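Biologist: Please choose one part of this predicted model and take me through it slowly, explaining each term when you first need it.

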Amino acid sequence: MERAGMKYEELYALLRRRGVLWPTAEIYGGAQGLYDYGPAGTLVKRLLEEAWAAWFVGLSDDFYRIDATDILPEAVVRASGHLENFTDPGVTCAKCGNHFRAETILEQFRPEGVDGLSPAQIGELLKQYPVRCPQCGSNEMSVPRPFNLMFGFDFGAAGGEKAYLRPETAQSSYLAFSRMWDVGRRALPLGIAVIGKAYRNEIAPRQVLFRMRAFTQAELQIFFNPAAFPLPFASVAEEQLPVLRVARRAAGEETPEPRSARSLADEGLPEFYVFFLVHMYRFFRDVLRYPADAIRLFEKSDTERAFYNRIQFDFEVKLESLGGYKELGAVHYRGDYDLSRHSAGSGKDLSVAVSGGERLLPHVLETTFGVDRNVWALADLGLVIDGERTVWRLPPYLAPSVVGVFPLMKKEHTTEARRWQARLRDSGIEAEFDSSGSIGRRYARMDELGVPYCITVDRESLGAPSLEARTVTLRDRDTKQQERVTLDALIVRLRASRVAPRPIPLNAVE
RNA sequence: GCGGUUGUGGUCUAGUGGUUAGGACGGUAGCUUCCCAAGCUACCUACCCGGGUUCGAAUCCCGGCAACCGCACCA
């Protein structure tokens, strides 16, 4: 078997055909950057979210998952910095059509920047100075228009207030910090995780799940004392990470080099930061089962980093369908940026008491994970070609269904196969029944959907004297091997396969 | 957002002014078949949307929408 290595359009067609996802409002011609999940996609996505929560939230008894609204009042996004950073005025060249930030164009004439100026005022400046297009040299620069990447709207019936769809789920965790401090143990580190939708009005949505206007993030914000973040670093120190640091990038390198966690800490990265690099790396490699040689930890430079970050490594994975490395997650050290901004914005003191009666504004370490992008990556990396068959080698705990139930012969075995399906359902195991076409066709259908097991009722299944003695054949998706199993043995096997890996909790190690 | 290319069943496609819009794969049903997309039969499903030109438009023109590629953007 070899990796299918499907090209973009082929993979997208497969996902549409199998009911994984499709464009929103497809009958109206679609809408840029919006996609809906079908039955299979909904299940995979949900299981992926659960696996993420088991791995990240399950890391500590003091990490909690909350569910928060998508809508943020204007005061929140003003304090967070998203309002100013999301509304950079843009300028378009009338000749070559290229788009630039007004700040860039006016830089040499107006070093103090353009913050706080209205588009009309910037338009005046463009006329006032001899500005030229950096691309083609033309002097026909258009009147600027707001360049807003947040969806904003009137809030309240009177329409006097504004609100925004959250541009990242992280904000919901910051808003919850104060309340969660009281709900939890009043101790650091405290983790607050949110899985939910975030929204960005992207200029040019592309590549389906990679640049969406409404997308699902799974983010864990860990609030901690930078002077004391107890972690079992020794337990991860020898892990080798495929890293591409800024210095090597500057030398033109694009491939990562194996680096031990310890050596990264020796270079000055905080141990707590490296610890979570390892944690996320293991999630990609061991839980999602991405090939280790496709993963790259890509350090972002000063100029590339998001405005709130001090340290940022993107987790990139090489995807055949998209022709290169794509960001699927990241670990961000955000310092005390967020809580200090929200302290100032809300007027509420968000510092907490730590040992010795001292007060401290906690720092934030963020792990962020793009759920939709990873659904795509699971398909890209998991699909293999075996002769005529296309097999989606999803980990069983991420598969849309765990087992298919077939009669070997439609006429003779359908009734009994239906009974097996009902027995599995009674045990809480959803089973897909299929009797159409030949047995090989049914196996193939399940293979393409990533269903890891199929059972088949045959002549021998009907012959047994008691239910306990009754058996079916159990067929493994990846090996195509079959064995005869009883109902009890089957239930045990299927249940075990549905459990996603969990980490050793930090509290247990202390 | 700019430029280029493109839009025919679920998927891949033939058709370039008048076709019963053809094929393959797929799906459904039946027959057959005791285990990996077999075979036979029947059936199912399409010209992105809106205008215009024309006796007549899937085909030509305009507008819209969407997708792909390149550029830009990606906080």
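Modeller: Two terms come before anything else. A residue is called buried when its relative accessible area is under 20%, exposed when that area is over 50%, and partly exposed in between, all judged with a 1.4 Å probe and with protein chains only. Helices (H or I, at least four residues) and strands (E, at least two residues) are runs assigned by DSSP, and they are numbered from the N terminus. Residues are numbered from 1 along each chain as its sequence is written, while chains are lettered from A and ligands numbered from 1 in the order in which they are written. The model is a predicted one, in which local features need pLDDT of at least 70, side-chain atom pairs count only at pLDDT 80 or more, totals for chains, interfaces and linings use all residues, and side-chain values use heavy atoms with hydrogens and water left out.

The part to begin with is strand β15, which spans residues 311-319 and is mostly covered, with eight of its nine residues buried. To describe what lies beside this strand, we need the idea of pairing: two strands pair if DSSP finds at least two bridges between them. Strand β14, made of residues 295-299, pairs with β15 in the antiparallel sense over five bridges, and within that pairing F298 stands opposite D314 of β15. Strand β16, residues 324-335, also pairs with β15 in the antiparallel sense, here over nine bridges, and V317 faces K326 of β16. Together β15 and β16 make a hairpin that has four residues between the two strands, and G323, in the turn, has a positive phi of about 70 degrees.

We can now step back to the sheet that holds this hairpin. Its nine strands form an open sheet with mixed pairing, in the order β4-β10-β11-β19-β16-β15-β14-β12-β13. The edges are taken by β4 (63-66) and β13 (257-260), and each of these has a single partner strand, so one side of each is left without a neighbour in the sheet. From one strand to the next, the twist averages 30 degrees, where axes are lines fitted to C-alpha atoms, for helices over the stretch in contact, and angles run from 0 to 180 degrees between N-to-C directions. On the other side of β14 from β15 in the sheet order comes β12, whose residues 240-244 pair with β14 in the parallel sense over two bridges. L244 stands opposite F298 in β14, and F298 is also the residue that stands opposite D314 in β15.

A second sheet makes a useful comparison. Five strands form this open sheet, again with mixed pairing, and their order is β23-β22-β24-β25-β26. Here β23 (431-433) and β26 (482-486) stand at the edges, each with a single partner strand, so one side of each has no neighbour in the sheet. The twist in this sheet averages 30 degrees from one strand to the next.

Within that order, β24 deserves attention, because five of its five residues are buried and the strand is therefore largely enclosed by the rest of the structure. Its side chains point two ways, with Y453, I455 and V457 on one side and C454 and T456 on the other, and all of them are buried. Strand β22 (residues 403-407) pairs with β24 (residues 453-457) in the parallel sense over five bridges; in this pairing F406 stands opposite T456, and V405 has I455 as its bridge partner. Towards β25 the sense changes, since β24 and β25 run antiparallel and are joined by four bridges, with D476 of β25 as the bridge partner of Y453.

Helices also lie against this sheet, where contact means heavy atoms within 4.5 Å. Helix α14, residues 439-449, lies across β22, β23, β24, β25 (471-476) and β26, and runs at about 170 degrees to β22. Helix α16, residues 487-497, packs on the sheet as well, touching β22, β24, β25 and β26, and its direction makes about 110 degrees with that of β26.

For the wider setting, chain A holds 17 helices and 26 strands. Of its 510 residues, 53% count as buried. Among the contacts in chain A with a separation of 6 or more, 67% join residues 24 or more positions apart.
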